[in-house]
Amino acid sequence: HMGRPVQLGSFDPRRIGADPASFQFRPSGDEGLTGALDNATAWDPARAGRAILFERRDGTLLAADGHPGRGLARRLIDSGEDPTVRMEGYLMREADGWTVQDVRTVAALRNMREGAGTVLDAAKLFRDARDLINDRTLPITGDFAELSRALARLQDDAFAAVEAGDISVRDGSAIGELAYDRPGLQLSMV
């Protein structure tokens, strides 16, 4: 919990906003939806799991993780199919010392532990939370771990080239491995 309180609760999905640009490493739609639950027509609390929510000081409630479930819940309420849907979630409050970056890290770690995410997502997490780069307790191993850790060592310009697809993840990783201590050389290698 990073030494701060986390509340477990039941929340009205209509009150939960979305800010995927702040909480997700992977680009998605304006609401953070992936399309994963587009065809679902009923709410199953057991399958929905618990969302990770962030409450700003002004009381604004945002989904840090659980965007597809939030979208389904709101759709079921708005259509009248199930007006009683509630989302279970972990609430992390700015008033308790949580920051957007902290909550984004918690959500990303959960996604990684559940096997979601790409090498690039993991590298973004390591860049965002530098102390995790050498954390060997994370459930990522082998090529995935080595590629993501090497990518995280890239300077901003070189990393942007990988994000834009100008060079491959594998090539970016090689540059991060070979020139991690020579940032001036990285962009030339790109």
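Let me start with one pair of residues: Leu 53 in strand β3 has Leu 91 as its bridge partner in β5. That pair belongs to a longer match, since 5 bridges join β3 to β5, and the two strands run parallel. Before I go on, please keep in mind that this is a predicted model.

First, the overall picture. The protein has 190 residues, and 41% of them count as buried. It contains 9 helices and 5 strands. Read along the sequence, the order is β-β-α-α-β-β-α-β-α-α-α-α-α-α. If you take the contacts between residues at least 6 apart in sequence, 70% of them join residues at least 24 apart. The exposed surface comes to about 10,000 Å², and carbon and sulfur atoms supply 48% of that.

Now back to β3. Is this strand enclosed or open? Largely enclosed by the rest of the structure, because 5 of its 5 residues are buried. In a regular strand the side chains alternate between the two faces of the sheet. For β3, Ala 51, Leu 53 and Glu 55 are on one side, Ile 52 and Phe 54 are on the other, and both faces are covered.

Besides β5, strand β3 also pairs with β4. Here 4 bridges join the two strands, and they run antiparallel. The bridge partner of Ile 52 is Asp 65 in β4, and Glu 55 stands opposite Leu 61. β3 and β4 form a hairpin with 5 residues between them. In the turn, Gly 59 has a positive phi of about 95°.

Strand β4 covers residues 61-65, and 5 of its 5 residues are buried. β4 has another partner, β2, which spans residues 16-18. These two are joined by 3 bridges and run parallel. In that pairing, Ile 16 has Leu 61 as its bridge partner.

Next, the nonpolar cores. In soluble globular proteins, nonpolar side chains tend to be buried together. The largest nonpolar core here has 14 residues, and those that touch the most other members are Phe 11, Ile 16, Trp 43, Leu 53, Leu 61, Val 85 and Met 87. The elements that give two or more residues to this core are β3, β4, α3 and β5. Which of them gives the largest share? Helix α3 does, with 4 residues.

Phe 11 is a good residue to select on the screen. Not counting residues up to four places away in sequence, Phe 11 touches Ile 16, Leu 53, Leu 61, Arg 86, Met 87, Gly 89 and Leu 91. There is also a second, separate core of 12 residues, and Leu 154, Ala 158, Val 162 and Ile 167 are included in it.

On to the helices, starting with α5, residues 119-128. Why is α5 described as largely enclosed by the rest of the structure? Because 10 of its 10 residues are buried. The list includes nonpolar residues such as Val 119, Leu 120 and Phe 126, but also Asp 121, Lys 124, Arg 127 and Asp 128. What covers the buried residues of α5 includes α4, α6, α7 and α8.

Take Lys 124, which is in α5. Its relative accessible area is 14%, and the cut-off for buried is under 20%, so Lys 124 counts as buried. Its C-alpha atom is separated by 9.5 Å from that of Ala 108, a residue 16 places away along the chain.

Glu 163 lies in helix α7. Leaving aside its neighbours within four places in sequence, Glu 163 is in contact with Leu 120 and Lys 124. Glu 163 and Lys 124 are 39 residues apart along the chain, and their C-alpha atoms are separated by 9.9 Å. Is Glu 163 buried or partly exposed? At 42% relative accessibility, Glu 163 is partly exposed.

Last, something on the surface. Leu 178, Leu 185 and Met 189 make a nonpolar surface patch of about 260 Å². Leu 185 is found in helix α9, residues 183-189. With a relative accessible area of 30%, Leu 185 is partly exposed.

To recap, β3 is bridged to β5 in parallel and to β4 in antiparallel fashion, and in helix α5, 10 of the 10 residues are buried. That is where I will stop.

Technical notes: Residues numbered from 1 in each chain as written. Predicted model: local features only at pLDDT ≥ 70, side-chain atom pairs only at ≥ 80, totals over all residues. Heavy atoms only, no water. Buried < 20%, exposed > 50% of the residue type's maximum accessible area, 1.4 Å probe, protein only. Pairing = 2+ DSSP bridges. Contact = heavy atoms within 4.5 Å. Areas by Shrake-Rupley, 256 points an atom, 1.4 Å probe, with all protein chains shown as cover. Patch = residues over 30% accessible without salt bridge, like charges linked within 9 Å, V, L, I, M, F, W, Y side chains within 5 Å. Salt bridge = Lys/Arg side-chain N within 4 Å of Asp/Glu carboxyl O. Core = buried A, V, L, I, M, F, W, Y, C linked by side-chain atoms within 4.5 Å.
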